[in-house]
Amino acid sequence: MADQLTVTTERIDDVVLLLHMMMQMGLPEVLNKHLPRHWKQEGLDWGWVIVIWLSYILSEGDHRKVVVRDWVKQRSTMIAQVCGLTLRETDFTDDRLGIVLSKLSQPEYWQQIEGTLIVKPSVFIS
């Protein structure tokens, strides 16, 4: 009997470019450095949640939280391969995105993140 071939088709659009640019900037690490994580929190850390969510916002031109989970699910293989992550079904729920959004809205966290990004040398200048 011949081997079974399984083909997975996913739209990648500009998401790969967006993810690579944010990874090259070190954005997940900068965000993780300044956003506290609860010691019982499971799943993706805040840096990766934000970077993947930002890639959704920039790619789709849509800031709604409600559709992010389905969008990630449709591109989960590509995102996992590009970022080297294991994604869970619950990583991009509305409540989880709401929690990270409330953290980003706090001035002390935002100022630290902004300060690190300003001080960090640009990856685009040679």
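**Exercise 1. Thr-116 and its contacts**

Find which residues Thr-116 is in contact with, leaving aside its neighbours within four places in sequence, and decide whether Thr-116 is buried or exposed.

*Solution.* Keep in mind that you are looking at a predicted model.
- Step 1: Locate Thr-116, which lies in helix α7.
- Step 2: Set aside the neighbours within four places in sequence; Thr-116 then contacts Val-30 and His-34.
- Step 3: Check the relative accessibility. Thr-116 has 19%, and buried means under 20%, so Thr-116 counts as buried.

**Exercise 2. Another threonine**

Work out where Thr-8 is found and whether Thr-8 is buried or exposed.

*Solution.*
- Step 1: Go to the segment before α1, where Thr-8 sits.
- Step 2: Read its relative accessible area, 56%. Exposed means over 50%, so Thr-8 is exposed.
- Step 3: Try a distance too. Thr-8 and Leu-87 are 79 residues apart along the chain, and their C-alpha atoms are separated by 17 Å.

**Exercise 3. Two helices that cross**

Describe how helix α2 and helix α3 cross, and name the residues through which they meet.

*Solution.*
- Step 1: Find the helices: α2 covers residues 27–34 and α3 covers residues 46–60.
- Step 2: Look at their axes, which come within 7 Å and cross at roughly 130 degrees. Because of that angle, α2 is oblique to α3.
- Step 3: Add the handedness: the α2 and α3 crossing is right-handed.
- Step 4: List the residues. From α2 come Leu-27, Pro-28, Leu-31 and Asn-32, and they meet Trp-46, Gly-47, Trp-48, Ile-50, Val-51 and Leu-54 of α3.
- Step 5: Sort them by class: the contact of α2 with α3 has eight nonpolar, two polar and no charged residues.

**Exercise 4. The largest nonpolar core**

Identify the residues that touch the most other members of the largest nonpolar core, and say which helix supplies its largest share.

*Solution.*
- Step 1: Start with the 31 residues of this core; Leu-19, Leu-35, Ile-52, Ile-79 and Phe-92 touch the most other members.
- Step 2: See who contributes. Each of α1, α2, α3, α4, α5, α6 and α7 supplies at least two residues, and the largest share, eight residues, comes from α3.
- Step 3: Zoom in on Ile-79. Not counting residues up to four places away in sequence, Ile-79 touches Leu-19, Ile-52, Trp-71, Val-72, Gly-84 and Leu-87.

**Exercise 5. The whole chain**

Give the number of helices and strands in the protein chain, and the share of its residues that is buried.

*Solution.*
- Step 1: Count the elements: the protein chain has seven helices and zero strands.
- Step 2: Turn to burial: of its 126 residues, 36% are buried.

Conventions
Residues numbered from 1 in each chain as written. Predicted model: local features only at pLDDT ≥ 70, side-chain atom pairs only at ≥ 80, totals over all residues. Heavy atoms only, no water. Axes fitted to C-alpha atoms, helices over the stretch in contact; angles between N-to-C directions. Helix = DSSP H or I, 4+ residues; strand = E, 2+ residues; numbered from the N terminus. Parallel < 35°, antiparallel > 145°, perpendicular 65-115°, else oblique. Left-handed = near helix turned anticlockwise from the far one by under 90°. Contact = heavy atoms within 4.5 Å. Nonpolar A, V, L, I, M, F, W, Y, C, P; charged D, E, K, R; others polar. Core = buried A, V, L, I, M, F, W, Y, C linked by side-chain atoms within 4.5 Å. Buried < 20%, exposed > 50% of the residue type's maximum accessible area, 1.4 Å probe, protein only.
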